[in-house]
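Let's walk through a protein model together, one piece at a time. Have the sequence and the 3D view ready.

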Number of protein chains: 2
Amino acid sequence: MNREEGLLIVLSGPSGVGKGTVCKQIRCRQKLQHLKYSVSATTRAPREGEANGVDYFFKQKEEFEDMINNGELLEWAKYVDNYYGTPYSFVQDQLKAGYDVILEIEVQGALQVRKRVGKEGIFIFLVPPNVEELKRRILERASETDESMNRRLKAMEQEMKLIQHYDYCVVNDDIQLTCELVESIVNAEHCKVERNKIKYEQWL
Amino acid sequence: MNREEGLLIVLSGPSGVGKGTVCKQIRCRQKLQHLKYSVSATTRAPREGEANGVDYFFKQKEEFEDMINNGELLEWAKYVDNYYGTPYSFVQDQLKAGYDVILEIEVQGALQVRKRVGKEGIFIFLVPPNVEELKRRILERASETDESMNRRLKAMEQEMKLIQHYDYCVVNDDIQLTCELVESIVNAEHCKVERNKIKYEQWL
């Protein structure tokens, strides 16, 4: 009952919930074997030390727009003048090779992925411990005016409502506990009978 | 996003796969909080040191048959001259109090529970690492004739086919790893969005 195809794991949640930190920590802990991180495509220029295919797939604007039009991106968005997106082929190659692939993305991107892959993906929503805590985190990030902060909090509320499209939710209170729960979810998903049918049929 | 109602966890698998050992080990490890073990009812006489309501609920034959007829048992079976079964009320009381309840039972009993509770229960099937290994375990248990052993192996094959009625399967190769996976499954199930709807609606 070994693993066959890998799992696509989408880790998302409202801005400021700590998606990036959780993702980095999971990588550090190395408790999940056979885990790969999705590499995004972007049209922004490489920064010093960034390698193509490692940090990003660096693309020209026209190339990126072709990828959009050809449906080659699992999700994409435009920030200011640059495109960012997730090349589907890279993800699919890893999955077919038996690797789990983790995608750490904003809720809007996660919704695009859900529409594309449906129940094929494992969608995990990180929840802030409480609004006060998130406010504190938003405040820590940058010096914000009251108005800007209110706008962010409203946006966060809207983002929270998207939890209904996810399979799992984890309150990101204690980072180690959050990582353990994400790891548990991945390991549990691999134990699902429906994912092991071929194996146990061979066994019989 | 605290726990509300507990989960009913059914741990089963073919005879000789090591259900009892896994269950005891999970209890020893104490990694799962709020876990209770189901107490069975039986008509057999208490042995020395066994306490009513702790080791078993000891019942008279007529009492037990009334429980069967009133649908008070999640599952039951008769071995030789004695009845054994799982009182539903005890399980329900624990679940309502927020405890997870673990039921370690034979596959036939597990099927009865599945019919009764449907998707409300989490059904975990323990799989022997391989037939040779199970053969070894069956051999270790008692001195068996070839015929008796063949009968057992045939029965095991029949039991294996019941895996299709379960949610999860765990190969019981390394006992610690098996326990970790069962614990992961329970923790992951608690993170399911559908189990936390009331909580997150309150939150919004």
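Is Asp100(B) buried or exposed? Asp100(B) has 1% relative accessibility, so it counts as buried (buried means under 20% relative accessible area, exposed over 50%, partly exposed in between, with a 1.4 Å probe and protein chains only). You'll find Asp100(B) in strand β7 of chain B, and its side chain reaches the backbone nitrogen of Leu7(B) at 2.7 Å.

Some ground rules before we go on. This is a predicted model, where local features need pLDDT of at least 70 and side-chain atom pairs count only at pLDDT 80 or more, while totals for chains, interfaces and linings use all residues. Residues are numbered from 1 along each chain as its sequence is written, chains are lettered from A and ligands numbered from 1 in the order in which they are written, and side-chain values use heavy atoms, leaving out hydrogens and water. Helices (H or I, at least four residues) and strands (E, at least two) are DSSP runs, numbered from the N terminus.

Now look at helix α4 of chain B, residues 107-117. Its buried residues include Val107(B), Leu111(B) and Arg114(B). The buried residues of α4(B) pack against several elements of chain B, among them β1, β7 and α6 (contact means heavy atoms within 4.5 Å). Right after the helix comes Gly118(B), with a positive phi near 55°.

What does Arg114(B) pair with? Its side chain meets that of Asp167(B) in a salt bridge, 2.9 Å from N to O (a side-chain nitrogen of Lys or Arg within 4 Å of a carboxyl oxygen of Asp or Glu). The two are 53 residues apart, with Asp167(B) in the loop between α6 and β9 of chain B. Both Arg114(B) and Asp167(B) are buried. Over in chain A, Arg114(A), Lys119(A) and Asp167(A) are linked in a network of salt bridges.

Another pair to find is Glu183(A) and Arg29(A), whose closest N and O atoms are 2.8 Å apart. Glu183(A) sits in helix α7 and Arg29(A) in helix α1 of chain A, so this salt bridge ties together parts 154 residues apart in sequence.

Finally, see where the chains meet: 30 residues of chain B are in contact with 30 residues of chain A. How many salt bridges does the rule find across this interface? It finds 0 between chain B and chain A, although a search of the whole structure finds 18 over all chains.

Technical notes. A polar contact is a pair of N or O atoms within 3.5 Å; within protein, one must be able to donate a hydrogen and the other to accept it, and residues adjacent in sequence count only if both atoms are side-chain atoms.
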